[in-house]
Amino acid sequence: PDVISGDMESAMAVELNPWVEYEFRVVATNKIGTGDPSAPSRMIRTNEAVPKTPPANVSGRSGRRHELVIAWEPVSEEFQNGEGFGYIVAFRPNGTRGWKEKMVTSSDASKFIYRDESVPPLTPFEVKVGVYNNKGDGPFSPIVVICSAE
């Protein structure tokens, strides 16, 4: 942290993560040495914000016939940035227009299964997974191509 001159009565912490609880301490230093830290402040939660981190490692998993199983690594709580966190799973047959989007409301979810009897085995799909919370929609992961189950 920055060193604050001895006559200051306050300081501003910057670049904190949204929707995270922090506590603060003050340590005094002079030519003789450094004193003990103060007692911690009360817990302070920063404001919510739109999530900025999409899920990582979007991929396909094996499933049953006529299923498209989409998996990802969940976003850790410290990067969810607010209440109401979930995922937007978007997919379309490879080379087509228009995404189908499905909401996954569980913040710790790591997969989504799309079932469609009309989808032939090993059909390639373009897939991306985005994030949202009560403040709005965040970014999508890069698009990957996965195939429906055989």
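Biologist: How many bridges join strand E4 to E7, and do they run parallel or antiparallel?
Modeller: In this predicted model, 5 bridges join E4 (residues 67-73) to E7, and the two run antiparallel; strands here (E, at least two residues) are DSSP runs, numbered from the N terminus, and two strands pair if DSSP finds at least two bridges between them. Residues are numbered from 1 along each chain as its sequence is written, local features need pLDDT of at least 70, side-chain atom pairs count only at pLDDT 80 or more, and totals for chains, interfaces and linings use all residues. Side-chain values use heavy atoms, with hydrogens and water left out.

Biologist: Which residue of E4 stands opposite Lys111 in E7?
Modeller: Opposite Lys111 stands Ala71.

Biologist: What sheet do these strands belong to?
Modeller: They belong to an open sheet of 3 strands in the order E3-E4-E7, with antiparallel pairing, and its edge strands, E3 (56-61) and E7, each pair on one side only.

Biologist: Then what joins E3 to E4?
Modeller: E3 and E4 are joined by 4 bridges and run antiparallel, and Ala56 has Glu73 in E4 as its bridge partner.

Biologist: Which side chains of E7 are buried?
Modeller: Phe112 and Tyr114 are buried and point to one face, whereas Lys111, Ile113 and Arg115 point to the other and are not buried; buried means under 20% relative accessible area, exposed over 50%, and partly exposed in between, with a 1.4 Å probe and protein chains only.

Biologist: Changing topic, what is phi of Leu122, and where is that residue?
Modeller: Phi of Leu122 is near 60°, a positive value in a residue other than glycine, and Leu122 is found in the loop between E7 (111-115) and E8 (124-133).
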